[in-house]
Amino acid sequence: MAWIELPGDEGTRELERATRGMRRGTGVPHVVGVMKPSVPTLRGVLAMNNAVTFGGSTLGRRREELISTVVSALNDCFY
Amino acid sequence: MSHAGYLRDHWTDDLGPLIALIRAWRVAGAEGAELTPREALAAAVAVDSPILEPGDREILALAIRQTLAPRTLTAAHLEPLRAAGFDDVAIHDVVHVACCFAYMNRLADALGVELEERKVAWARELFGDAALAAHQAWARGQEPSAT
């Protein structure tokens, strides 16, 4: 899944809390999971993401996703 | 590209134009490695599609410039958004959403994040078998992402 060692989604109580609600059949989304080595980082980044994406901005979800798609495509980021 | 799935599910029933739009941006970005930033920027801004809605082009032009050539930005580049009816909060939000995804892209690419299995079919439809196989090989450390 990634090039660094990652703890389990429920490896600690703090991680279990931080990833609660995001765990699906195969665990948290990989790009979230890669932040598990630092729970404060994971929490901070998710808070930022939720503030400006997933319908959190004034733009509306469609436009947020349009921007996310163009940025990822230009960066040639497959994820 | 994971977020393109939202556009597939909630924007248009006609996937052809959406896929063409995303592929064109990816080509502009990938080929941008061979171009000067200004050439890459021009190629990406020129990408157009009939499925874009009023205001989308102004938003995309700012996000594209911010991504490919941020040092070329000036106050004048915000004016097309104002002319299209966007206020300063909306302009702030455009910039912040683009920043947010640039951050997530760098995170994924620097640490070898592989696409989840449930997203593979959409990635294959978007970019084809060869591109998907290259991504998976890169993520599994089987070959370098760039020379």
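**Two all-helical chains and the core they share**

Chain B has eight helices and zero strands, helices (H or I, at least four residues) and strands (E, at least two) being DSSP runs numbered from the N terminus. This is a predicted model, in which local features need pLDDT of at least 70 and side-chain atom pairs count only at pLDDT 80 or more, while totals for chains, interfaces and linings use all residues. Residues are numbered from 1 along each chain as its sequence is written, and chains are lettered from A and ligands numbered from 1 in the order in which they are written.

Read from the N terminus, the elements of chain B go α-α-α-α-α-α-α-α. With a radius of gyration of 16 Å, close to the 15 Å that the globule rule gives for 147 residues, chain B is as compact as a globular protein of that length; the radius is taken over C-alpha atoms, and the rule is 2.2 Å times the number of residues to the power 0.38. Along the principal axes, its C-alpha atoms fill a box of roughly 50 × 35 × 25 Å. Of the 147 residues of chain B, 30% count as buried, a label that calls for 20 or more other C-beta atoms within 10 Å of the residue's own (12 or fewer make it exposed, anything in between partly exposed, with C-beta atoms placed from the backbone). As for contacts (C-beta atoms, placed from the backbone, within 7 Å), 52% of those in chain B with a separation of 6 or more are between residues 24 or more positions apart.

Chain A has four helices and zero strands, running α-α-α-α from the N terminus. Its C-alpha atoms fill a box of roughly 35 × 25 × 25 Å along the principal axes. Of its 79 residues, 41% count as buried. Among contacts in chain A between residues at least 6 apart in sequence, 38% join residues at least 24 apart. Helix H3 of chain A (residues 39-52) has 14 residues and reaches 20 Å from first C-alpha to last, close to the 20 Å expected at 1.5 Å a residue; the expected span is 1.5 Å times one less than the number of residues. After H3(A) comes Phe54(A), with a positive phi near 55 degrees.

Now for the place where the chains meet. The contact takes 47 residues from chain B and 35 residues from chain A. On the chain B side, helix H1 (4-10), helix H2 (15-31), helix H4 (56-68) and helix H6 (88-110) each supply at least two residues. H6(B) gives the largest share of that side, 15 residues. By class, the chain B side divides into 30 nonpolar, 10 polar and seven charged residues. Here Ala, Val, Leu, Ile, Met, Phe, Trp, Tyr, Cys and Pro count as nonpolar, Asp, Glu, Lys and Arg as charged, and the others, Gly among them, as polar.

His3(B), in the segment before H1 of chain B, also reaches across to the partner chain. Leaving aside neighbours within four places in sequence, His3(B) is in contact with Glu65(A), Ser68(A) and Thr69(A). His3(B) is buried, with 21 other C-beta atoms within 10 Å.

Within chain B, the assignment (automatic or from a database) gives domain 1 (4-111) and domain 2 (112-147). Their centres, taken over C-alpha atoms, are 22 Å apart. The contact between them takes eight residues from domain 1 and six residues from domain 2. H1 and H2 of chain B each supply at least two residues of the domain 1 side, which has five nonpolar, one polar and two charged residues.

The largest nonpolar core (buried Ala, Val, Leu, Ile, Met, Phe, Trp, Tyr and Cys residues joined through C-beta atoms within 7 Å) has 46 residues, and those with the most contacts inside it are Ile67(A), Val70(A), Leu74(A), Trp25(B), Ala44(B) and Ala63(B). H6(B) provides the largest share of this core, eight residues. Domain 1 (4-111) and domain 2 (112-147) of chain B both give residues to the core, so it lies between them. Not counting residues up to four places away in sequence, Ala44(B) touches Leu74(A), Trp25(B), Ala28(B), Gly29(B), Ile64(B) and Leu68(B).

H4(B) is mostly covered, with 10 of its 13 residues buried, among them Ile59(B), Leu60(B), Ala63(B) and Leu68(B). The buried residues of H4(B) pack against helix H4 (61-74) of chain A, together with helix H3 (37-45), helix H5 (79-83) and H6 of chain B. H4(B) reaches 18 Å from its first C-alpha to its last, close to the 18 Å expected at 1.5 Å a residue.

Notes. Two residues are in contact if their C-beta atoms, placed from the backbone, lie within 7 Å.
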